[in-house]
Every structure is written in structure tokens, then in C-alpha cells.
Amino acid sequence: MLMMLLKLLSQFEQSAKETVDKFQGLNLYVKNLDDSIDDDKVMRDPSGISRGSGFVAFSTPEEASRAVDAYVVVFRKFNASPNMDSTCSN
């Protein structure tokens, strides 16, 4: 029984690592979002109020980089950084 649990734990950890590796550099964490933004990707507190942040997923790291570059030029107040760990929570 213990061996089976250890094997399942190992499989779970491997799957989690593969998922993180797959999306490395593809997700951007965006903060300082206006309260008027009402999207399912916006993080919310337990009562449903927006935390003013969320994640945007891109197809390639280059797309994510271009998006950040474009917003930095146009909107100096825009705060975005590559999401190094998609399990991060605020």
C-alpha cells in the first residue's frame, strides 16, 4: 500500500512539473487592473471582489515579450512580469 502511494505521489509530482515547464514564459501576471475589467481571468477574493490582478496566457514566449514591450511603451503605469510559477497566488 505504501509503495502504491509513493508511486502515485511521484506521478503527480512529475505531471505538475511537466505542466509548469510547458507554460514557462507563456503566462503574464498583470496587476493594477481597473475595477471595471470584468473577466474570468481576473483574480477575486472569496467574496468575489476583484483583486486588481490576473493572468494572461500567450502561445509563445515571444508573444508575451512583445505584449509587455508594447504596453510598457504605451502605458508606463502598466505592471507586467513573466509568470515564473503559475501556482503563485495573491
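## Exercises on serine 53 and its strand

Serine 53 lies in strand β3. The model is predicted.

**Exercise 1.** Determine whether serine 53 is buried or exposed.

Solution.
1. The relative accessible area of serine 53 is 3%.
2. Buried means under 20% relative accessible area.
3. Serine 53 is therefore buried.

**Exercise 2.** Describe the surroundings of serine 53, starting with the residues that it touches.

Solution.
1. Leaving out residues up to four places away in sequence, serine 53 touches Tyr29, Val30, Lys31, Leu33, Lys41, Val42 and Met43.
2. With tyrosine 29 there is a polar contact between the two side chains, at 3.3 Å.
3. Lysine 31 stands opposite serine 53 in β3.

**Exercise 3.** Find the sense in which β1 and strand β3 pair, and over how many bridges. Then explain why strand β1 counts as largely enclosed.

Solution.
1. Strand β3 spans residues 50-57, and its pairing with β1 is antiparallel, over 5 bridges.
2. Strand β1 covers residues 27-31, and 4 of its 5 residues are buried.
3. Strand β1 is therefore largely enclosed by the rest of the structure.

**Exercise 4.** Place these strands in the chain as a whole: which pattern does the chain follow along the sequence?

Solution.
1. The chain holds 2 helices and 4 strands.
2. Their order along the sequence is α-β-β-β-α-β.
3. Of the 90 residues in the chain, 17% are buried.
4. Among contacts between residues at least 6 apart in sequence, 59% join residues at least 24 apart.
5. The accessible surface of the chain is about 7000 Å², and carbon and sulfur atoms account for 60% of that surface.

Technical notes: Residues numbered from 1 in each chain as written. Predicted model: local features only at pLDDT ≥ 70, side-chain atom pairs only at ≥ 80, totals over all residues. Heavy atoms only, no water. Buried < 20%, exposed > 50% of the residue type's maximum accessible area, 1.4 Å probe, protein only. Pairing = 2+ DSSP bridges. Contact = heavy atoms within 4.5 Å. Areas by Shrake-Rupley, 256 points an atom, 1.4 Å probe, with all protein chains shown as cover. Polar contact = N/O pair within 3.5 Å; in protein donor to acceptor, adjacent residues only side chain to side chain.
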